[in-house]
Amino acid sequence: MDQDVKELIDRVFDEGARGASQPREVIIRLLELDPASEEVAYLRSRAAEMAHLATGNRASISGAIGVDMCSCDMNCKFCSFGTAWGLVEEDVIYSKEEIIELVREYVEAGVTTITLRSTEFYDLNVLSEWLADIREAVPGSYLINLNVGEMSPAMAEAAYQAGATSAYHVVRMREGIDTPFDVKLRWETIDAISNSPLRWLTCVEPLGVEHTNEEIADRILENLAHRPYGMSVMARVNVPGTPFEGMEEISEERMLHLLATLRLCVGTKVRSCGMHPAVPAALYSGGSNFTVERGANPRDTSFNTDVWRGFTVDEARRLIEEAGFECRPETYDPRFPADGKQWWKVGDPADYVMPDPTGPCCGKRA
């Protein structure tokens with residue numbers, strides 16, 4: 001092993017453990033390593049240590065529900081829902097009652113977070129109105145994450161008051177080139193989330209073989225500047241019928257390399273990192289979460305009435321526990337009853353206040 005590289009990795013780990021992140025040139029240097037090298041194997045092992053340190057040995061399972069499978073006129077080149085590709089032959093939309101039953105199945109199976117994912121123009125007000133009913137019908141200390149379209153500060157606050165705990169939003173790789181979205185608008189939504197009581201979750205995605213180390217490093221640093229709670233990496237699925245059909249897929253080996261670099265270079269500034277689609281090795285390369293998916297999926301042409309690619313909650317939990325993590329909500333605190341009637345902005349125990357039983361939202365930061 002190159003001793004200079006080993007010393008660099010160790011230094012990055014030590015600095016990250018103290019809460020520091022890394023500059024662009026260091027991120028690029030680590031990304032330039034050969035994914036099959038001894039140095040990257042060491043990088044991945046140190047990233048795994050960082051994951052246990054940053055999370056307190058906790059890992060999470062998100063049960064994602066694709067609420068609606070509808071054609072979308074935005075026509076992002078990597079998304080199977082694009083109207084121009086003609087892959088969505090019939091709209092399929094879950095009802096509130098169907099979503100509640102899916103949430104119940106997920107929670108009973110042991111998920112720690114419910115992610116409600118919609119297409120770009122699905123009415124966020126509808127989902128927000130359903131959140132209280134979901135909480136009442138399915139008690140538990142699980143989180144609710146929204147993966148929806150653009151939102152204003154007022155919409156983010158309203159979603160939190162309705163019962164959401166986080167929101168996922170992302171400026172995609174080559175946003176404005178492979179998509180028609182205004183990058184400025186995407187960042188405005190991210191700031192609306194990040195500055196609200198919601199936690200902001202994001203990703204470096206969708207990653208393909210053509211994306212350069214410089215592009216990836218820039219996206220990591222741009223995300224970090226907007227204060228994410230979680231940041232992961234996601235490979236692009238080159239769906240048949242989309243413009244990326246037939247293009248070489250980014251390798252699992254390279255994705256694990258990217259995950260490890262991300263985990264080390266953001267240090268403990270970011271609580272949770274992961275990799276999607278899920279692979280067991282991610283838990284030994286800096287990952288601390290898995291996502292199980294059902295319903296509509298922009299990486300597929302079918303509405304998944306069962307779990308996507310056969311990856312179940314039971315399998316995710318088994319892998320997490322084998323890797324030495326405890327599978328429970330990252331926000332677990334025994335002072336808050338799991339009765340479905342109280343939800344909160346989550347953080348370190350020192351940040352909590354005891355709930356006010358007269359308030360609509362209990363346990364917000366003081």
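**Close-up views of the predicted model**

**View A. Helix α4 passes helix α5 in a right-handed crossing.** The model shown in this and the following views is predicted. Helix α4 spans residues 96-109 and helix α5 residues 124-137; their axes lie 10 Å apart and pack at an angle of about 40°. The two helices are therefore oblique to each other, as angles that are neither under 35 degrees, nor over 145, nor from 65 to 115 are classed in this way.

**View B. Strand β1, residues 58-66, is enclosed by the rest of the structure to a large extent, because 9 of its 9 residues are buried.** Side chains in a regular strand alternate between the two faces of the sheet. In β1, Arg58, Ser60, Ser62, Ala64 and Gly66 point one way, while Ala59, Ile61, Gly63 and Ile65 point the other way; all of these residues are buried.

**View C. Strand β1 pairs with β10 in the parallel sense over 7 bridges.** Within this pairing, Gly66 stands opposite Gly295 of β10. Strand β1 also runs parallel to β11 (residues 326-327), to which 2 bridges join it. Ala59 of β1 has Cys327 as its bridge partner in β11.

**View D. Strand β4, residues 113-117, is joined to β1 by 5 bridges, and the two strands run parallel.** Ala64 stands opposite Thr115 of β4, and the bridge partner of Ile65 in β4 is Leu116. Strand β4 is mostly covered, with 5 of its 5 residues buried. Thr113, Thr115 and Arg117 point one way from this strand, whereas Ile114 and Leu116 point the other way, and all are buried. A further 5 bridges join β4 to strand β5 (residues 143-147), which runs parallel to β4. Ile114 of β4 stands opposite Ile144 in β5.

**View E. Phe290 and Phe311 form one of the 2 aromatic pairs found in a search of the whole structure.** The ring centres of Phe290 and Phe311 are 5.3 Å apart and the ring planes stand at 80°, so the pair is edge-to-face, the class for planes over 60 degrees apart. Phe290 belongs to strand β10 (residues 289-295) and Phe311 to the loop between β10 and α10 (313-322), so the pair ties together parts that are 21 residues apart in sequence. Phe290 counts as buried at 1% relative accessibility, and Phe311 is buried with a relative accessible area of 15%.

**View F. The charged end of Arg46 sits over the ring of Phe13.** The distance from this charged end to the ring centre of Phe13 is 3.9 Å. A further arrangement of an arginine over a ring involves Arg236, which lies over the face of Phe244 at 3.7 Å from the ring centre.

**View G. Ser71 is placed in the loop between β2 (68-69) and β3 (92-93).** With a relative accessibility of 37%, Ser71 counts as partly exposed. Glu89 is 18 residues from Ser71 along the chain, and the C-alpha atoms of the two residues are separated by 8.3 Å.

Conventions. Residues numbered from 1 in each chain as written. Predicted model: local features only at pLDDT ≥ 70, side-chain atom pairs only at ≥ 80, totals over all residues. Heavy atoms only, no water. Phe/Tyr/Trp six-rings, centres within 6.5 Å; stacked < 30°, edge-to-face > 60°. Helix = DSSP H or I, 4+ residues; strand = E, 2+ residues; numbered from the N terminus. Buried < 20%, exposed > 50% of the residue type's maximum accessible area, 1.4 Å probe, protein only. Lys NZ or Arg CZ within 6 Å of the ring centre and 35° of its normal. Pairing = 2+ DSSP bridges. Axes fitted to C-alpha atoms, helices over the stretch in contact; angles between N-to-C directions. Left-handed = near helix turned anticlockwise from the far one by under 90°.
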